[in-house]
Amino acid sequence: MAAPCCHGCWLLPLLMLLAAAGALGAEGASLVLVQLDVESLLPSAAAASCPTPQEQRPGAATATRMPIVHQHGPCSPLADKHGKKAPSHTEILVADQRRVEYIHRRVSDTTGRMRRQKQSAPVELPPGTPSSSTPASSLSSSATSTNLPASSGRALNTGNYVVPIRLGTPAARFTVVFDTGSDTTWVQCQPCVAYCYRQKEPLFNPTKSTTYANISCTSSYCSDLDSSGCSGGHCLYAVQYGDGSYTVGFYAQDTLTLGYDTVKDFRFGCGEKNRGLFGKSAGLMGLGRGSTSLPVQAYDKYSGVFAYCIPATSAGTGFLDFGPGAPAAANARLTPMLVDNGPTFYYVGMTGIKVGGHLLSIPGTVFSDAGALVDSGTVITRLPPSAYEPLRSAFAKGMEGLGYKTAPAFSILDTCYDLTGYQGGSIVLPAVSLVFQGGACLDVDASGILYVVDVSQACLAFAANDDDTDVTIVGNTQQKTYSVLYDLGKKVVGFAPRAC
């Protein structure tokens, strides 16, 4: 039986205080509130010491565990020690919007759902960024005459989280972005045929690994790729992302080490021509549902089960687990994984939203018509306009009753508040819960309700899609502190609270 909603919420006991503040819901019912330490979401919190990440040995009752951190946070091995600034909030949200637009196009293309086209506002990209109109022919390796087409769009953004892996024999350590919206894992490799972006760690050198092997063009594994080519009998891969970034190289296999565990003959892209907005990571770990993804390749070892926990702040450390022994499996609130809705993504059925403990009056067809998916790489949750407006209205009413001062909108976020004067203390917010098929709830942690630009501009961390037909995307801000469980065998997605 699914756990009830607002398991992690608390009801302020002094109802007279609530009444005095005007924090009452429909028909005078009290609001369920959550408490938030304002200081924890401000940049000063990032100066806190980072906990020492621990990798966990696999055992009969445990999973393989690796630490995850925000790639631009102070705990990241990719953090710049020389004062180079992390992406601004504007850059993060612009990149997030581009990712969302790609996901909507991809879902429309792969499911046959028609969506209304809307002309997006022009996006300013940093100098030197490849254009999304980069011709596929220019992505072919200059070391060969092979004209390797690029697949039409994946998407990254600057708000991703990273995890350590080791590759090869002897094993070399790399820090990669993990992404449930991508299938193929890849790292930058020597030699760089034309261009490799600057990463923090040395590039992977396949000649130094005794277990490395290129995959043949005639192998069925080569045909698993969305976009492939052939050079000297060896399989080539190419992925072009929605922001114009791309990676091209040989499709290969080698020993992958996760924590203390190994996956032999793991297939990945050995990128020799890579350009774009990848930060200083060594590459990407694909955790989607496609045949080239890590969960599918390692299904016999991990039974298609993995879980991650995103920390409450960029100065925190979460984890990535592989295997059915993941602690989240024991107490997760489960909802069906809708595998027939399309490839790669993790589709679920959202059925409702609660604000302050009260279920909003939103027709079920609003959610069923759009569909929904859970994504590790999207920052801000996107909702159909017909669901977002009731959420925004109910939250704003609750915040007004609690006496908070409004602030101007910021980027895609239109419901903002000025928290000046609350530094060093705690505030209360109307609780927000997302309800899914089977009765499972994701009671959003207090750290995931507001997106704090600065103390004078803290915004509701949800946004509306362009149209009610666009798929709902549950973003990583709303997933904070939860162990989000994916079980390909049982076809369920789960949410276990207070995991990190």
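## The four-stranded sheet and helix α8

In this predicted model, four strands form an open sheet in the order β21-β22-β27-β26, with antiparallel pairing. Its edges are β21 (405-407) and β26 (450-454), each of which pairs on one side only, and from one strand to the next the twist averages 35°. The edge strand β26 is joined by four bridges to β27 (residues 457-460), the two running antiparallel, and within this pairing leucine 450 stands opposite leucine 460 of β27.

Helix α8 (residues 385-401) lies across β22 (416-418), β26 and β27, and runs at about 135° to β27. The helix also holds a salt bridge of its own, between glutamate 389 and arginine 392, whose closest N and O atoms are 2.9 Å apart; these two residues are three apart in α8, about one turn of the helix. Glutamate 389 is partly exposed, with a relative accessible area of 39%, and arginine 392 is likewise partly exposed, at 24%.

## Aromatic contacts

Across the whole structure, a search finds 17 aromatic pairs. One of them is formed by phenylalanine 395 and tyrosine 417, which meet edge-to-face with 6.2 Å from centre to centre and 65° between the planes. This pair links distant parts of the chain, since phenylalanine 395 belongs to helix α8 and tyrosine 417 to strand β22, 22 residues apart. Phenylalanine 395 counts as buried because its relative accessibility is 0%, where the limit for burial is under 20%; tyrosine 417, with a relative accessible area of 2%, is buried as well.

Elsewhere, ring pairs link Phe178, Tyr302, Phe306, Tyr308, Phe322, Tyr346 and Tyr486 into a cluster. Rings also take part in contacts with charged side chains: the charged end of arginine 267 sits over the ring of tyrosine 221, at 3.7 Å from its centre, and arginine 65 lies over the face of phenylalanine 319, 3.7 Å from the ring centre.

## Strand pairing around β12

Strand β12 (residues 283-286) is joined to strand β5 (residues 172-179) by three bridges, and these two strands run parallel; in this pairing, leucine 284 of β12 is the bridge partner of valine 177. Strand β6 (residues 186-188), by contrast, pairs with β12 in the antiparallel sense over two bridges, and here valine 187 stands opposite glycine 283 of β12.

## Buried salt bridges

Side chains of opposite charge can pair when their charged atoms come close. The structure holds seven salt bridges, among them one between aspartate 321 and arginine 65, with the closest N and O atoms 2.7 Å apart. The two partners lie in distant parts of the chain, aspartate 321 in strand β14 (residues 318-322) and arginine 65 in strand β2 (residues 64-70), 256 residues apart, and both are buried. Arginine 65 thus appears in two of the contacts described here, as it forms this salt bridge with aspartate 321 and also lies over the face of phenylalanine 319.

Another salt bridge joins arginine 99 to aspartate 179, the closest N and O atoms being 2.6 Å apart. This pair, too, links distant parts of the chain, with arginine 99 in helix α2 (residues 89-111) and aspartate 179 in strand β5, 80 residues apart. Arginine 99 counts as buried at 2% relative accessibility, and aspartate 179 is buried with a relative accessible area of 1%. Both residues belong to a network of salt bridges that links Arg99, Asp179 and Asp375.

Definitions and conventions: Residues numbered from 1 in each chain as written. Predicted model: local features only at pLDDT ≥ 70, side-chain atom pairs only at ≥ 80, totals over all residues. Heavy atoms only, no water. Pairing = 2+ DSSP bridges. Axes fitted to C-alpha atoms, helices over the stretch in contact; angles between N-to-C directions. Contact = heavy atoms within 4.5 Å. Phe/Tyr/Trp six-rings, centres within 6.5 Å; stacked < 30°, edge-to-face > 60°. Buried < 20%, exposed > 50% of the residue type's maximum accessible area, 1.4 Å probe, protein only. Lys NZ or Arg CZ within 6 Å of the ring centre and 35° of its normal. Salt bridge = Lys/Arg side-chain N within 4 Å of Asp/Glu carboxyl O.
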